Amino acid sequence: MPDTSTPFYLTTPIYYVNARPHIGHTYTTVVSDAIARRRRLLGQDVWFLTGTDEHGQKIERSAEKAGIAPQQFTDQVSAEFRGLWDQMGLTYDDYIRTTEERHKRGVHKLWNVLKERGYLYKGTYTGQYCVWDELYVEAGPGAACPDCGRITETVSEENYFFKLSAFENRLLELYAEQPGLIQPETRRNEVLAFVRGGLRDLSVSRTSFKWGIPVPGDESHVIYVWLDALANYITALGYGSEDESAFHKYWPAQLHIIGKEISRFHCVYWPAFLMAAGLPLPTAVVAHGWLLFEQSKMSKSRGNIVRSETILAVLGADALRYFLLREIVFGQDGSFSFDALVQRYNADLANGLGNLVSRTLAMIEKYFSGVIPEASAAESIQAAAEQCIQTFGERFDALDFSRALESAWALVAVIDGYISEQAPWKLAKQADAGDEASREQLKTVLAACAEAIRVLTALVYPVLPEAAAKIWTQLGLGDLHQADLKDLHWGGLQPGARLGALGPVFPRADKDAAERMQAMEQDNARNAAAQAAETAPASPTTPQSVPAPVDQSISHPNLESGPVPVSPATALATPPEQTADASLPLGAFMPGLGAMEDAAIVGQITTPAMVETANVNDAPAAARPDAVPQITIDDFLKVELRVAQILVAERVPKADKLLRLEVDLGYEQRQILAGIAETYAPESLVGRKVVIVANLAPRKLRGFESNGMVVAASLGEHGKPSLAGFLDHVEIGARLK
RNA sequence: GGCGGCGUAGCUCAGAUGGUUAGAGCGACGGACUCAUAACCCGUAGGUCGAUGGUUCGAUUCCAUCCGCCGCCA
C-alpha cells in the first residue's frame with residue numbers, strides 16, 4: 001500500500017494539437033485516469049492534469065493552410081481532445097492549454113527566474129534546422145533531417161541559450177540518488193547514456209516564427225516549444241500567478257506519465273530547468289511504450305491510426321480501458337488490433353466478469369427473491385479474495401497493470417470454480433425437497449460469491465468505472481462513488497439487503513464487431529483523405545474540414561504520445577482529367593505472392609481495356625487459364641519483382657489517377673508512377689511496402705519518368721486497385737520468386 | 001558505427017541468484033454441467049526456452065560469437 005497521506009500530483013503529457021486525438025493519446029490518458037481513480041479510492045488527495053500543447057511553427061503553418069488564425073485552429077483541435085476525454089468520462093482535475101493566459105504568465109516567470117539566476121544567455125546559432133521537427137540538427141547544409149528525412153534549412157539565428165552543460169554532473173547525481181526517477185529501466189539507461197555523452201547548451205528561443213510565447217523584454221524571440229510545454233506542469237498549478245497555493249500544495253509531481261519518445265525532454269531538460277529555477281524535482285517520470293497496430297507502427301502516413309471513438313461506439317469506454325491496461329505490458333510496446341480487442345472483451349469481460357455477476361445475482365434473485373442471504377464462513381473464497389486485494393494492489397501500485405488485472409481475473413476463475421463445485425442449483429433442489437443443510441449451504445455459497453464480487457468490483461473500479469458502478473448498483477449497494485473503499489476488506493455486504501435491478505453488464509460482442517470497427521475506421525480514413533485533398537486551399541472551415549491538414553502531420557518531438565511517422569504533407573487538389581496508358585496483365589500464377597492471387601499489374605495506369613482483361617482474370621478461377629497463355633518458370637523469372645518501400649507519394653498535376661511515388665529498394669531509390677490515385681490517398685502510402693516490377697523499361701508519363709510498376713490486384717468492374725503486400729516482415733529490396 | 005534491450009507453446013506474455021516432468025491466459029480439441037451472456041467447470045494440447053560454441057556434474061537460465069528485431073546517440 002503506497003503512502004496516501006501526501007497529495008498526489010499526476011500528469012499526462014499535453015498533447016500537440018497538430019494531430020487529432022487517437023488511441024495513442026487515449027492510452028496515456030486512460031492509464032493516468034486509472035491511477036488517479038485508484039489513488040482517490042485509497043483516500044489520497046489527487047490532482048490529475050492533462051491538456052494541450054498549442055504553440056510552434058507547425059501549428060502556425062497548419063492554421064495558415066486551413067485559412068484560419070492559429071488561435072482558432074488550436075481552439076478547435078484542443079476542444080476535440082477535451083471532448084473525447086469528457087465523452088470517456090476521464091477524471092482530470094484540470095486541463096491546461098499553453099495558449100491560456102495563466103500558462104503564459106507562468107512561463108514568463110520561469111523564464112525570468114532562469115534569467116535572473118544566470119542560466120540564460122544570448123548567442124548565435126548557425127546550422128541546419130528541421131522545420132518539421134522544430135529542431136536544430138547536426139548536419140551539413142542541405143542535409144536531410146536524421147529524424148524525419150525532410151530537407152533541413154540552413155539558419156543563422158541569434159538565440160537565447162540555456163546553460164544545460166552546467167547540469168551534467170548534477171543530473172548524473174540525481175539519477176544515482178533517485179533510481180526510481182526514470183522508469184522503466186531501458187529508458188533510464190538511454191537517458192544515462194545521453195547525459196554521460198556530454199551536454200551542450202540548449203537553444204531556447206526562436207525568431208523564425210511568431211506562434212509562441214514571446215521572450216519577456218525581447219519580443220522578437222519566441223520561447224522554445226519545449227520550455228514552453230514542459231512548464232505546463234507548474235503553470236497549471238498557478239506558478240507565476242497571484243495565488244501559488246496549489247503549486248505549493250501539489251508540486252513536485254509524484255508522477256509524470258509520458259510516452260517513451262519524449263523521455264529525454266522529461267528526464268534531462270525538465271529536471272535541469274527545475275534545478276536551474278531552484279524548484280523541487282518530480283518523484284517519477286514513467287514512460288510507456290507505443291501502441292502498434294497489429295505489427296506495425298501506427299501512424300497517419302500508414303493510414304492505420306485507430307480512433308478511440310470507434311471503439312467507444314461499439315464496445316464502450318470500459319472495454320477500451322480494460323484492453324489497454326490488460327493487454328499491454330506497461331512500459332513495453334503493445335499491439336492493438338480489433339480482433340484482439342473483441343477477443344479480450346468477450347473472454348474476460350463478457351464471459352468472465354459479466355457472466356459471473358449475472359449467474360450469481362440471478363441465483364440470488366431466483367432462490368432468495370433478490371435478498372442477500374445470511375452467510376456463514378466460506379474460507380476458501382474469503383482467503384482468495386483477501387489474497388487478491390493484496391496482490392492486485394501491489395501490482396497496480398507498481399504500475400504493473402496487466403498483472404494486477406490478471407490477479408483479479410484469477411479471482412473470477414476461483415469464484416466460477418467454486419460455483420461449479422458447489423452447484424447451488426443442486427443445493428436449491430435439495431433444499432426445496434426439505435433438506436435444511438442444503439439450504440444453509442446454498443446461502444453460504446451465494447453470499448460468499450456476492451461478497452467476492454463486491455471485492456472484485458471495488459478493486460477493478462479504477463479500470464472499469466462504468467461497469468463497476470453498474471455492478472455496485474446491482475449488488476444493491478447504491479452509488480459506488482459514495483462508497484468509502486479506503487480500507488477494502490472481506491465482509492462488506494449486508495445480509496438482508498436487496499439487489500438492484502439486474503441486467504447484463506458486458507453484453508457479448510457479436511462475431512463481426514471487429515470487422516464493423518475496422519470498416520468504420522476505413523471509412524473515416526477515406527473521408528479524411530478525401531477532405532484533405534479538397535481543402536488544401538483556403539476553404540470554409542467547418543469543424544470537419546479544419547483538421548484535414550492536421551491529418552497529414554502527426555507527430556512532433558513534442559508532448560505527443562504517438563509513434564513518429566514519416567509523412568510529407570502532399571495532398572494537392574488536382575483538377576480532374578482523364579489519363580490513360582497501357583499496362584500488362586500478368587499471368588495468374590505468382591509464387592510467393594501470398595494473398596494476391598488475382599494480382600494484375602496496374603503499374604502506371606489502368607486503362608479501360610486493361611480493366612476488362614483484369615476482370616476476366618478476376619472471374620472464377622476456371623476461366624483464368626483461358627484468358628492468359630501459360631508461361632514457363634523462365635518466363636516468369638524474366639520479371640524482376642521486388643519489395644519496395646514508398647518514401648514519397650504525391651499526386652501528379654492534371655492527372656486524376658496518377659500518383660508519383662519515390663520508392664526505396666534498399667540498394668537504390670527510384671521514381672515510379674502508379675495509377676492508383678483514385679483509391680489511395682498519397683499520405684496513406686508513405687512507409688508502405690509494396691511489390692514492384694523492377695526491370696520494366698522506363699517510360700515517361702505526364703512529364704515524369706516511371707522506372708517500374710507497382711503490383712496490385714484489380715478489383716470489380718472498374719478495376720479498383722488493391723496494392724499487394726505482405727503479412728510477414730519483409731526486407732526492402734527482396735526479390736519475389 | 002557506439003551504447004542498450006529483446007528473441008520462451010498458434011497468439012499475448014510469466015519465469016528461473018543454473019538443478020527433478022519450463023508456466024499462465026487466450027485460441028483449438030475432448031468431456032461434464034445447466035445457475036448464467038451457446039456462458040461456466042474438468043481434461044488434453046507435446047514449445048530443440050533465436051543459432052552455434054564455451055564454463056559446469058548439469059544451462060533455456062552464466063560467458064562468447066552469430067542471426068533477427070527494436071530503442072537511444074540533442
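# Getting to know a protein–RNA model

User: Where is the place of S369 in this structure?
Analyst: This is a predicted model, and S369 is a handy spot to begin. Its phi is positive, about 50°, although S369 is not a glycine. As for its place, S369 sits in the loop between helix 13 and helix 14 (379–397).

User: Does S369 count as buried or partly exposed?
Analyst: The cut-offs help here: under 20% relative accessible area is buried, over 50% is exposed, and what falls in between is partly exposed. S369 has 47% relative accessibility, so it counts as partly exposed.

User: And L399, which is not a glycine, what is its phi?
Analyst: Let's place it before giving the angle. L399 belongs to the loop between helix 14 and helix 15. Its relative accessibility is 14%, so L399 counts as buried. Most residues other than glycine have a negative phi. L399, not a glycine either, has a positive phi of about 65°.

User: Which residue does a cis peptide bond join to Q183?
Analyst: Most peptide bonds are trans. The one after Q183 is cis, with omega about -5°. The partner lies in the loop between strand 7 (182–183) and helix 6. Its name is P184.

User: What is omega for the cis peptide bond that joins W251 and P252?
Analyst: P252 is found in the loop between helix 9 (245–250) and strand 12 (255–259). The bond joining W251 to P252 is cis, and its omega is about 5°.

User: How many residues surround RNA strand B?
Analyst: Here a residue is near the strand if one of its heavy atoms lies within 4 Å of it. The closest are E190, R200, R264, Q343 and R359. By type, the residues of this surface split into 15 nonpolar, 10 polar and 11 charged. The count of residues around RNA strand B is 36.

User: What share of the atoms of RNA strand B that come within 4 Å of the protein is sugar and phosphate?
Analyst: The protein surface near the RNA includes E190 and R264, which are among the closest residues. On the RNA side, looking at the atoms within 4 Å of the protein, sugar and phosphate account for 69%.

User: Which helix gives the largest share of the surface near RNA strand B?
Analyst: Four helices each supply at least two residues of this surface: helix 6 (185–196), helix 10 (263–277), helix 13 (338–368) and helix 15 (401–422). The largest share is 12 residues, and these come from helix 13.

User: How far is a phosphate oxygen of RNA strand B from an N or O atom in the side chain of R508?
Analyst: Let's look at some other polar atoms first. A polar side-chain atom of R187 is 3.1 Å from a sugar or linking oxygen of RNA strand B. For D416, a polar side-chain atom is 3.5 Å from a sugar or linking oxygen of that strand. In the case of R508 and the phosphate oxygen, the distance is 3.1 Å.

User: In the open sheet of 3 strands with antiparallel pairing, what is the order?
Analyst: Strand 9 (residues 205–206) pairs with strand 11 (residues 218–223) over 2 bridges, with S205 opposite I223. Strand 10 (residues 214–215) is joined to strand 11 by 2 bridges too, and P214 has V222 as its bridge partner. Strand 9 and strand 10 are the edge strands, each pairing on one side only. That gives the order 9-11-10.

User: Which residue takes a positive phi in the hairpin of strand 10 and strand 11?
Analyst: In this hairpin, V215 stands opposite D218 in strand 11. There are 2 residues between the strands, and the one with a positive phi near 80° is G217.

User: How many bridges join strand 4 to strand 6?
Analyst: Strand 4 also pairs with strand 5 (residues 135–137), in the antiparallel sense over 3 bridges. With strand 6, one of the pairs is K122 and Y160. Strand 4 (residues 120–130) and strand 6 (residues 153–162) run antiparallel, and their bridges number 10.

User: How many residues of helix 12 are buried?
Analyst: Across chain A, buried residues make up 57% of the 737 residues. Helix 12 (residues 317–327) is mostly covered. Its buried residues include D318, R321 and R326. Out of 11 residues, the buried ones number 10.

Terms used. Residues are numbered from 1 along each chain as its sequence is written. Chains are lettered from A and ligands numbered from 1 in the order in which they are written. This is a predicted model: local features need pLDDT of at least 70, side-chain atom pairs count only at pLDDT 80 or more; totals for chains, interfaces and linings use all residues. Side-chain values use heavy atoms; hydrogens and water are left out. A polar contact is a pair of N or O atoms within 3.5 Å; within protein, one must be able to donate a hydrogen and the other to accept it, and residues adjacent in sequence count only if both atoms are side-chain atoms. Ala, Val, Leu, Ile, Met, Phe, Trp, Tyr, Cys and Pro count as nonpolar, Asp, Glu, Lys and Arg as charged, and the others, Gly among them, as polar. Buried means under 20% relative accessible area, exposed over 50%, partly exposed in between (1.4 Å probe, protein chains only). Two strands pair if DSSP finds at least two bridges between them.
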